[in-house]
Amino acid sequence: VQLQASGGGLVQPGGSLRLSCAASGSIFSINVIGWYRQAPGKQRELVAVIASGGSTNYGDSVKGRFTISRDNAKNTVYLQMNSLKPEDTAVYYCNADIRPTMTSKVYRYWGQGTEVTVSS
């Protein structure tokens, strides 16, 4: 199983970016999938996650600005980031709890990260 993240880049404060993360490989089901981020010198923190049923959980610092969604047919999760601030600058990591086969247990996977820089 692989998680491929894309969509990061440089954006000015107040701007928007859309991140995508596609899961591929042996996938029977994806439970929770979402995003964490890590800024230089800081611990990794929750950005947003979405469960298979559609329920969401957001980090306090992004509530009202970021929106997470998923396309189950494409095994893909999206993160729409609006009103970006310099403090959103970080490497964003995709994370997913995946059951590879019908009879296997659930494993947690991490993507390689995509860098988001918010600066004028």
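**Exercise 1. List the residues that asparagine 95 contacts, leaving aside its neighbours within four places in sequence, and place asparagine 95 in the fold.**

Solution. Leaving aside neighbours within four places in sequence, asparagine 95 is in contact with Leu3, Val32, Ile33, Gly34, Tyr36, Arg108, Tyr109 and Trp110. Contact means heavy atoms within 4.5 Å. The model is predicted: local features need pLDDT of at least 70, side-chain atom pairs count only at pLDDT 80 or more, and totals for chains, interfaces and linings use all residues. Residues are numbered from 1 along each chain as its sequence is written, and side-chain values use heavy atoms, with hydrogens and water left out.

Next, find the element: asparagine 95 is found in strand β9. Helices (H or I, at least four residues) and strands (E, at least two) are DSSP runs, numbered from the N terminus.

Last, judge the cover. Asparagine 95 counts as buried because its relative accessibility is 2%. Buried means under 20% relative accessible area, exposed over 50%, and partly exposed in between (1.4 Å probe, protein chains only).

**Exercise 2. Work out which strands pair with β4, and name a bridge partner in β9 and in β5.**

Solution. Start with β9. Strand β4 (residues 29–38) and strand β9 (residues 90–99) pair in the antiparallel sense over 8 bridges. Two strands pair if DSSP finds at least two bridges between them. Glutamine 38 has valine 91 in β9 as its bridge partner.

Then take β5 (residues 45–50), which runs antiparallel to β4 and is joined to β4 by 5 bridges. Here tyrosine 36 has leucine 46 as its bridge partner. Tyr36 is also among the contacts of asparagine 95.

Finally, look at the turn. β4 and β5 form a hairpin with 6 residues between them, and glycine 41 in that turn has a positive phi of about 80°.

**Exercise 3. Sort the residues of strand β7 into a covered and an uncovered face, then describe the pairing with β8.**

Solution. In a regular strand the side chains alternate between the two faces of the sheet. In β7 (residues 66–71), Phe66, Ile68 and Arg70 make up the covered face, and Thr67, Ser69 and Asp71 the uncovered one.

β7 pairs with strand β8 (residues 76–81) over 6 bridges in the antiparallel sense. Aspartate 71 stands opposite threonine 76 in β8. The two strands form a hairpin with 4 residues between them, and asparagine 75 in the turn has a positive phi of about 50°.

**Exercise 4. Is serine 119 buried, partly exposed or exposed, and what does serine 119 touch?**

Solution. Serine 119 lies in the segment after β11 (114–118). Its relative accessibility is 36%, so serine 119 counts as partly exposed. Not counting residues up to four places away in sequence, serine 119 touches Leu10, Val11, Gln12 and Pro13. Valine 49 is 70 residues from serine 119 along the chain, and their C-alpha atoms are separated by 25 Å.

**Exercise 5. Describe the chain as a whole: its elements, its spread and its burial.**

Solution. The chain has 0 helices and 11 strands. Its C-alpha trace spans about 50 × 25 × 25 Å along the principal axes. Of the 120 residues, 42% count as buried. Among contacts between residues at least 6 apart in sequence, 54% join residues at least 24 apart.
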